[in-house]
Amino acid sequence: GWGFTSSPLVFNDTVVVASSGVLIAYDLASSEQRWRGPEGGAGYSSPHLVTLDEVPQILLLRGSRTTSVNPADGTVLWEHRGQPSASIVQPAVVGPRDVLVNSSDTMGGQGMRRLAVARRSDGPSTGSQPSGAPSKDGWTVEERWTSRGLKPYYNDFVVHNGHAYGFDGSILSAIDLETGERKWKGGRYGFGQMLLLADENVLLVLSEDGDVALVRAAPDTFTEIARFKAIEGKTWNHPVLVGDVLLIRNGQELAAFRLTRTGGTWAVSTA
């Protein structure tokens, strides 16, 4: 059905898919179902394998919920409710225990939340909301802050050196991870997508119009380093970087470019 709209998660000998917001795990070799997660809360987000408080778990944004389940059997470890109902963007782990999730509705992005997640040893947890699910050890979930300084909708955001970078509507924005405060906003790229080149401290932005831009991943100010026309037509697809080869596509074109850097100068050629 329509619910199979996200990417599968493959780890060890298991594949996990989200069907209308319900996680289902299959044996990778035999395709037999291993477990089925809790019902309720459809969305477009993909299952996300993370480690929080030293415990491996699978996160899924579904409807108004951020849900964590045990990878072994699909039982709920913890759940947080609070964000609006459109779940598309992937969460991000911040430090050993915190999770950064976006808030959105059918009209677009609404902001960000930083959740502090911790395992308890003194009994079952009720989470930060009445709907929090108990577990064997128990968990607590608290909102550290909410922010409208960054409002991704279906465009990925990235975390780098204490800050989050992403799309605020059609404009790039940066926020401080400690406070949620916006540091800068600039550059118009439509509803594009973005990659982080962490070693270079650079954001690689693919605009809705098919332009590729390089932007400094720095919190002091917005700085566009370079920009060139890559493909024609509306471009909503995510770029992929393999080594120094950049692959981009839309419904009309597919292109490959080679990115090289000598000193502080970037060069682009057809791969």
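In this text, strands are DSSP runs of E of at least two residues, numbered from the N terminus. With that in hand, let us walk through the model, which is a predicted one.

Start with the fold as a whole. The protein has zero helices and 24 strands. Of its 271 residues, 49% are buried. The surface it exposes comes to about 12,300 Å², with carbon and sulfur atoms supplying 49% of that area. Among contacts with a separation of 6 or more, 41% join residues that are 24 or more positions apart.

A good place to look next is the loop between strand 17 and strand 18, where N201 lies. Its phi is positive, at about 55 degrees, although N201 is not a glycine. Most residues other than glycine have a negative phi. N201 has a relative accessible area of 35%, so this residue counts as partly exposed. A second asparagine with a positive phi is N12, whose value is near 50 degrees. N12 sits in the loop between strand 1 (9-11) and strand 2 (14-19). Is N12 buried or exposed? Its relative accessibility is 73%, and because exposed means over 50%, N12 belongs to the exposed class.

Follow the chain past strand 18 and you come to the loop between strand 18 and strand 19, which holds S207. This loop residue is buried, since its relative accessible area is 2% and the cut-off for buried is under 20%. Which residues does S207 touch, apart from those up to four places away in sequence? They are Y189, G192, R227 and T235.

The same strands lead us to the largest nonpolar core, which has 15 residues. In soluble globular proteins, nonpolar side chains tend to be buried together. Within this core, L204, V212, L246, I248 and W266 touch the most other members. Two or more core residues come from each of strand 17 (193-197), strand 18 (202-206), strand 19 (211-216), strand 22 (245-249) and strand 23 (254-262). I248 is a handy residue to centre your view on: leaving out neighbours within four places in sequence, I248 is in contact with L206, V212, A230, I231, P239, E253, L254, A255 and F257.

Now turn from the packed atoms to the spaces among them. Rolling a probe the size of a water molecule over the atoms shows where empty space is left. How many cavities of 30 Å³ or more does the structure hold? There is one, and the volume of the largest cavity is about 40 Å³. Its lining consists of G21, V22, L23, P38, L60, R62, T67 and V69. Strand 3 (22-27), strand 6 (55-62) and strand 7 (65-69) each give at least two residues to that lining. By class, the cavity lining has five nonpolar, two polar and one charged residues.

The largest pocket holds about 280 Å³ of space. Its lining is made up of 12 residues, and Y44, S46, I88, Y154 and D156 are the ones nearest its centre. Here the classes divide into four nonpolar, seven polar and one charged. To bring the pocket into view, you could centre on those five residues around Y154 and D156.

Key. Residues numbered from 1 in each chain as written. Predicted model: local features only at pLDDT ≥ 70, side-chain atom pairs only at ≥ 80, totals over all residues. Heavy atoms only, no water. 1 Å grid on protein atoms, 1.4 Å probe; cavity = no way out; pocket = protein on both sides within 12 Å on 5 of 7 lines; lining within 4 Å. Points joined across faces, edges and corners; volume = space filled by probe spheres on them. Helix = DSSP H or I, 4+ residues; strand = E, 2+ residues; numbered from the N terminus. Nonpolar A, V, L, I, M, F, W, Y, C, P; charged D, E, K, R; others polar. Core = buried A, V, L, I, M, F, W, Y, C linked by side-chain atoms within 4.5 Å. Buried < 20%, exposed > 50% of the residue type's maximum accessible area, 1.4 Å probe, protein only. Contact = heavy atoms within 4.5 Å. Areas by Shrake-Rupley, 256 points an atom, 1.4 Å probe, with all protein chains shown as cover.
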